[in-house]
Amino acid sequence: AIIANKVHLNTSKGSVIILDNAVIESDCVIHGPAVIGENSRVKSGTVIYPNVTIGPNSTICGELNNTVIWGNSAKGHYGYLGCAVIGEGCNLGAGTSNSNLKNDWSEVKVYDYATRNFRNTGLLKCGVFMGDHSMLAISSKINTGTVIGVGVQIAMSNFIPKFVCDFSWLTDTKSESYVFTKFIEMLTRKAHIKEENLTEVDKEILEHIYEQTMSLRNY
């Protein structure tokens with residue numbers, strides 16, 4: 001791994017594990033326990049608080065706390081991400097932040113696919129769950145306890161809805177289903193440019209999720 005000058009690793013509460021070929025740029029602060037995955041990049045000025053895991057080939061920046069980011073994802077600019085799980089191949093636009101605590105200090109409810117309704121988590125702090133290959137535009141605002149499905153594209157100036165169904169395309173002016181062939185075309189171009197391995201099995205899994213969630217997309 002490459003660790004620049006002026007990087008502070010605080011292991012007083014847990015280990016900081018930095019895996020092969022990761023790059024930690026200058027002026028970063030990482031509080032353990034934390035894991036930085038292979039080939040990942042932590043950009044200058046990033047502050048990582050305890051309980052953060054960054055998957056391989058990901059790029060992060062800003063402020064993170066109690067968060068898991070899976071591989072090949074990017075939170076490449078400033079903004080806060082806390083009590084969150086971000087899937088594989090996701091992108092969070094510059095300035096994107098999430099809330100993880102309600103102003104009235106009540107327990108957080110999240111969408112439950114099994115019941116197709118919201119359930120109480122029993123938690124005071126709960127941020128965002130974001131499915132694989134979903135992308136948020138710059139300055140996206142994520143509410144407490146938000147669930148964003150697989151293959152979602154969001155470009156909104158308002159708060160993102162608490163539940164966004166898989167393969168949705170949301171803007172301030174429209175909400176519609178992401179045409180699956182267009183989604184695969186985009187993913188194929190992305191895989192080629194970024195030298196990622198997109199297999200036929202991957203496509204079959206994504207198509208199964210697309211069909212499985214079709215009834216939830218009421219656009």
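The following paragraphs describe the nonpolar core, the aromatic contacts, a surface patch and some backbone features of a predicted model.

The largest nonpolar core comprises 30 residues, and within this core the most contacts are made by Ile 48, Ile 148 and Ile 154. Two or more residues are given to this core by each of strand S6 (34-36), strand S9 (52-54), strand S11 (63-69), strand S13 and strand S18 (128-130). Of these elements, S13 gives the most, with three residues.

Strand S13, which spans residues 80-86, also contains Val 85, a residue that takes part in a nonpolar patch on the surface. This patch is formed by Val 68, Trp 70, Val 85 and Phe 129, which together have about 330 Å² of accessible area. The relative accessible area of Val 85 is 30%, so that this residue is classed as partly exposed.

Aromatic contacts constitute a further feature of the model, the count of aromatic pairs being eleven. In one of these, Phe 167 and Phe 180 are arranged edge-to-face, with 5.9 Å from centre to centre and 65° between the planes. This pair links distant parts of the chain, since Phe 167 lies in the loop between strand S24 (163-164) and strand S25 (168-171), whereas Phe 180 belongs to helix H1 (residues 180-194), the two being 13 residues apart. Both partners are classed as buried, because a relative accessible area under 20% is the criterion: the value is 0% for Phe 167 and 14% for Phe 180.

Phe 167 also pairs with Phe 183; the ring centres are 5.0 Å apart and the planes stand at 90°, so this pair is likewise edge-to-face. Here, too, distant parts of the chain are linked, as Phe 167 is in the loop between S24 and S25 and Phe 183 is in helix H1, 16 residues apart. Phe 183 is buried, its relative accessible area being 0%. These phenylalanines belong to a cluster in which ring pairs link Phe 167, Trp 169, Tyr 178, Phe 180, Phe 183 and Tyr 210.

Tyr 210, a member of that cluster, is in addition covered by a charged group: the charged end of Arg 217 sits over the ring of Tyr 210, at 4.3 Å from its centre. A contact between a charge and a ring is also found for Lys 141, which lies over the face of Phe 159 at 6.0 Å from the ring centre.

Attention then turns to the backbone. Most residues other than glycine have a negative phi, and most peptide bonds are trans. Against this background, the peptide bond that joins Gly 32 and Pro 33 is cis, with omega at about 0°; Pro 33 is placed in the loop between strand S5 (29-31) and S6, and S6 is among the strands that give two or more residues to the nonpolar core. Positive phi values occur in two asparagines, namely Asn 21, where phi is near 65°, and Asn 72, where phi is about 60°. Both lie in loops, Asn 21 between strand S3 (16-18) and strand S4 (23-24), and Asn 72 between S11 and strand S12 (74-75). Their surroundings, however, are classed in opposite ways: Asn 21 is exposed, with a relative accessible area of 54%, while Asn 72 is buried, with a relative accessible area of 19%.

Key:
Residues numbered from 1 in each chain as written. Predicted model: local features only at pLDDT ≥ 70, side-chain atom pairs only at ≥ 80, totals over all residues. Heavy atoms only, no water. Patch = residues over 30% accessible without salt bridge, like charges linked within 9 Å, V, L, I, M, F, W, Y side chains within 5 Å. Areas by Shrake-Rupley, 256 points an atom, 1.4 Å probe, with all protein chains shown as cover. Salt bridge = Lys/Arg side-chain N within 4 Å of Asp/Glu carboxyl O. Helix = DSSP H or I, 4+ residues; strand = E, 2+ residues; numbered from the N terminus. Buried < 20%, exposed > 50% of the residue type's maximum accessible area, 1.4 Å probe, protein only. Phe/Tyr/Trp six-rings, centres within 6.5 Å; stacked < 30°, edge-to-face > 60°. Lys NZ or Arg CZ within 6 Å of the ring centre and 35° of its normal. Core = buried A, V, L, I, M, F, W, Y, C linked by side-chain atoms within 4.5 Å.
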